[in-house]
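Dear colleague,

Please find below the structure that I am handing over to you. My notes on the salt bridges and on the largest pocket follow it.

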Amino acid sequence: MKQILSYLLLSFFLHASCQQEETIASSGKGTLSLSSVEVTGTEVIPVSTRAVNPVLAIEIAKADGTPVVKYAAGASEASQKIELEAGDYLLKAYSANYGATWENAEKGEPVYYKEQSFSIEAERVRYLTVAVPMVNMGVTFALPEGFGTWFKSYTFSAQIGERSVALQNGESAYFDLPSDGNNILNYSLTVVNTDDESQNKNSAYPGITTGSLYEITYLLATQSLEVR
């Protein structure tokens, strides 16, 4: 009887031990593979053989906000497999200029930002694709061919909110949208023709959106400005 009892107790402890080992194994680590983290929008971004576009920095934090890893823009480690504990995470991908502000005399740059949640399972690889949008907007000024035949000088400026930027032909400026929701692009062109006569054109374009690049062109035929 004692031998039978000892055998049953031994079987119970072995079974409990096996359950504990399975529990430990199931709460282990998994792997994140950033198979593609690319910017989206109208700007031409250099193509890279890396999975993560080199203009983007990467941050990974747990769901409760605890930081885990951070890679600067261009870091090759971000394109390699990343070992993480099983659980829920938040990934942030952003350009190095995220949070920057520009004065009137500065043209600015396109800014990219995206947050994406994901989960890691033990002993599994999670492949993640992230499309990172441009979170500001741009304005380009373009003069038509033959403009110099009729006009000898010009000044052009674009304004959104309190910021106004002067642009030459072919230049672009980038703006954050106003926090008050007043998403209107105001622009002005003054031209002086070959007879020294001056003309001024002022207009506004409402409903501008982030991720867009608006081109403002002067039309010789109608002597007016067009936004497209």
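**Salt bridges and the largest pocket**

Glutamate 83 is exposed, its relative accessible area being 56%. Please note that the model is a predicted one.

Glutamate 83 does not stand alone: its side chain meets that of lysine 29 in a salt bridge, with a distance of 3.6 Å from N to O. Lysine 29 belongs to strand β1 (residues 29–40) and glutamate 83 to strand β4 (residues 82–85), so this pair ties together parts that lie 54 residues apart in sequence. Lysine 29 counts as partly exposed, because its relative accessibility is 43%, a value that falls between the limits of 20% for buried and 50% for exposed.

The structure holds 6 salt bridges, and two others among them may be described here.

One of these joins lysine 70 to glutamate 59, whose closest N and O atoms are 3.7 Å apart. Lysine 70 is found in strand β3 (residues 67–71) and glutamate 59 in strand β2 (residues 56–62); the pair therefore ties together parts that are 11 residues apart in sequence. With a relative accessible area of 60%, lysine 70 is exposed, whereas glutamate 59, at 24%, is partly exposed.

A further salt bridge is formed by the side chains of glutamate 215 and arginine 228, at 2.7 Å from N to O. Here glutamate 215 lies in strand β14 (residues 213–219), while arginine 228 lies in the segment after β15 (224–227), so the pair ties together parts that are 13 residues apart in sequence. Glutamate 215 counts as partly exposed at 25% relative accessibility, and arginine 228 is exposed, with a relative accessible area of 57%.

I turn now to the pockets. Which residues line the largest pocket? The lining is made up of Thr101, Trp102, Ile160, Gly161, Glu162, Arg163, Tyr174, Phe175 and Asp176. By character, the lining residues divide into 4 nonpolar, 2 polar and 3 charged. Trp102, Ile160, Tyr174 and Phe175 are the nonpolar residues, because Trp, Ile, Tyr and Phe count as nonpolar. Glu162, Arg163 and Asp176 are the charged ones, since Glu, Arg and Asp count as charged. The space in this largest pocket amounts to about 170 Å³.

When you open the model, the pair of lysine 29 and glutamate 83 may serve as a starting point, as this salt bridge links strands β1 and β4. The lining of the largest pocket can then be viewed from Thr101 and Trp102, which are among its residues.

With kind regards

Key:
Residues are numbered from 1 along each chain as its sequence is written. This is a predicted model: local features need pLDDT of at least 70, side-chain atom pairs count only at pLDDT 80 or more; totals for chains, interfaces and linings use all residues. Side-chain values use heavy atoms; hydrogens and water are left out. On a 1 Å grid over the protein atoms alone, a cavity is a set of points where a 1.4 Å probe fits but cannot get out, and a pocket is an open set with protein on both sides within 12 Å along at least five of seven lines; lining residues have an atom within 4 Å of a point. Grid points are joined across faces, edges and corners, and a volume is the space filled by probe spheres set on the points. A salt bridge is a side-chain nitrogen of Lys or Arg within 4 Å of a carboxyl oxygen of Asp or Glu. Helices (H or I, at least four residues) and strands (E, at least two) are DSSP runs, numbered from the N terminus. Buried means under 20% relative accessible area, exposed over 50%, partly exposed in between (1.4 Å probe, protein chains only).
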